[in-house]
Amino acid sequence: MASSTRKSQLVIVLLGILIAGSAVPSHVVAQNCGCAADECCSRWGYCGTGNDYCGTGCQEGQCFPAAPTNDVSVPDIVTPEFFGGILDQADSSCAGKNFYSRDAFLEALNSYSRFGRIGSVDDSRREIAAFFAHVTHETGHFCYIEEINGPSRDYCDEGNTQYPCNPDKGYYGRGPIQLSWNFNYGPAGESIGFDGLNSPETVANDPVISFKTALWYWTNSVQPVISQGFGATIRAINGALECDGANPATVQARVGYYTDYCNQLGVAPGDNLTC
């Protein structure tokens with residue numbers, strides 16, 4: 001890859017790397033559930049009504065039924081050629097070159113049967129294109145495992161008593177969607193089966209767990225809004241830092257990857273591409 005291209009890619013990654021935390025709900029400190037009969041307990045442990053409480057991740061109460069899955073085979077869409085076409089653009093010196101793999105993605109996928117399988121076949125293709133567009137942007141074509149200068153950044157929400165920070169650990173971006181913040185590492189670890197608060201480095205050491213954190217964040221925080229268009233997925237991932245004119249260059253970079261992958265997968269990108 002040409003030097004100018006690598007420099008541009010580095011700038012994009014630096015600008016877009018603060019992921020999976022900027023769009024965090026304000027209610028990150030959980031209350032005890034035990035909601036009223038007409039309320040739901042949200043995935044964050046709060047009582048209420050509506051999609052935020054009764055939709056994806058609803059723990060108890062009158063939870064909304066999940067949309068049925070279709071018969072799409074994600075591995076048939078994420079072919080070795082498609083995955084390799086992204087990975088091959090990373091320099092041989094990249095840490096992620098020998099970390100990320102299609103096999104690791106597919107093994108992680110076994111735990112997320114709803115990914116890429118909701119709605120029509122075209123909806124599935126668009127979701128897969130969207131996921132890999134964000135992954136490409138966040139990792140620089142699978143070059144980076146950890147956030148650039150991540151250890152120097154403070155991603156501890158000290159007010160979160162449900163998932164308290166270990167003072168000896170850093171919760172900076174790691175993995176395909178650069179999981180960040182203690183309030184994401186904690187529940188991701190609980191769901192996946194690793195100690196997210198005391199061993200966050202696992203996300204950078206185990207490629208299957210790394211992909212699982214990306215799929216966990218996606219299915220909980222991004223998939224519920226994907227029907228609103230690609231722009232809504234940007235907002236769900238890094239909206240505070242990029243949307244509403246905050247950083248149009250990174251928004252356009254994500255859109256560029258998305259439209260490219262939609263073309264590769266033979267599907268129209270749809271409307272509402274930006275945020």
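These notebook entries record what I looked up about the nonpolar cores and the disulfides of this structure.

**Entry 1: the cores.** I worked from a predicted model. I looked first at the largest nonpolar core, which has 63 residues. The members that touch the most others are Phe105, Phe115, Phe131, Phe132 and Phe142. Helix α9, residues 207-222, gives the most to this core, with nine residues. I also noted a second, separate core of five residues, among them Ala90 and Cys94.

**Entry 2: phenylalanine 132.** I asked which residues phenylalanine 132 contacts, leaving aside its neighbours within four places in sequence. I found Val78, Phe82, Phe83, Ile86, Phe105, Phe142 and Tyr261.

**Entry 3: the disulfides.** I recorded a count of six disulfides. I then looked up three pairs.

Cysteine 40 and cysteine 54 have sulfur atoms 2.1 Å apart, and their link is right-handed, with 100° about the S-S bond. Cysteine 40 lies in strand β1 and cysteine 54 in helix α2, 14 residues apart. Both cysteines, 40 and 54, are buried.

For cysteine 58 and cysteine 63 I noted a sulfur distance of 1.9 Å and a left-handed link at -65°. Cysteine 58 counts as buried because its relative accessibility is 17%, under the 20% limit. Cysteine 63, at 30%, counts as partly exposed.

Cysteine 243 and cysteine 275 also form a disulfide, with sulfur atoms 1.9 Å apart. Cysteine 243 is in the loop between α10 and α11, and cysteine 275 is in the segment after α11, so the pair ties together parts 32 residues apart in sequence. I found cysteine 243 buried at 3% and cysteine 275 partly exposed at 21%.

Key
Residues are numbered from 1 along each chain as its sequence is written. This is a predicted model: local features need pLDDT of at least 70, side-chain atom pairs count only at pLDDT 80 or more; totals for chains, interfaces and linings use all residues. Side-chain values use heavy atoms; hydrogens and water are left out. A nonpolar core is a set of buried Ala, Val, Leu, Ile, Met, Phe, Trp, Tyr and Cys residues joined through side-chain atoms within 4.5 Å. Buried means under 20% relative accessible area, exposed over 50%, partly exposed in between (1.4 Å probe, protein chains only). Helices (H or I, at least four residues) and strands (E, at least two) are DSSP runs, numbered from the N terminus. Contact means heavy atoms within 4.5 Å. A disulfide is a pair of cysteine sulfur atoms within 2.5 Å.
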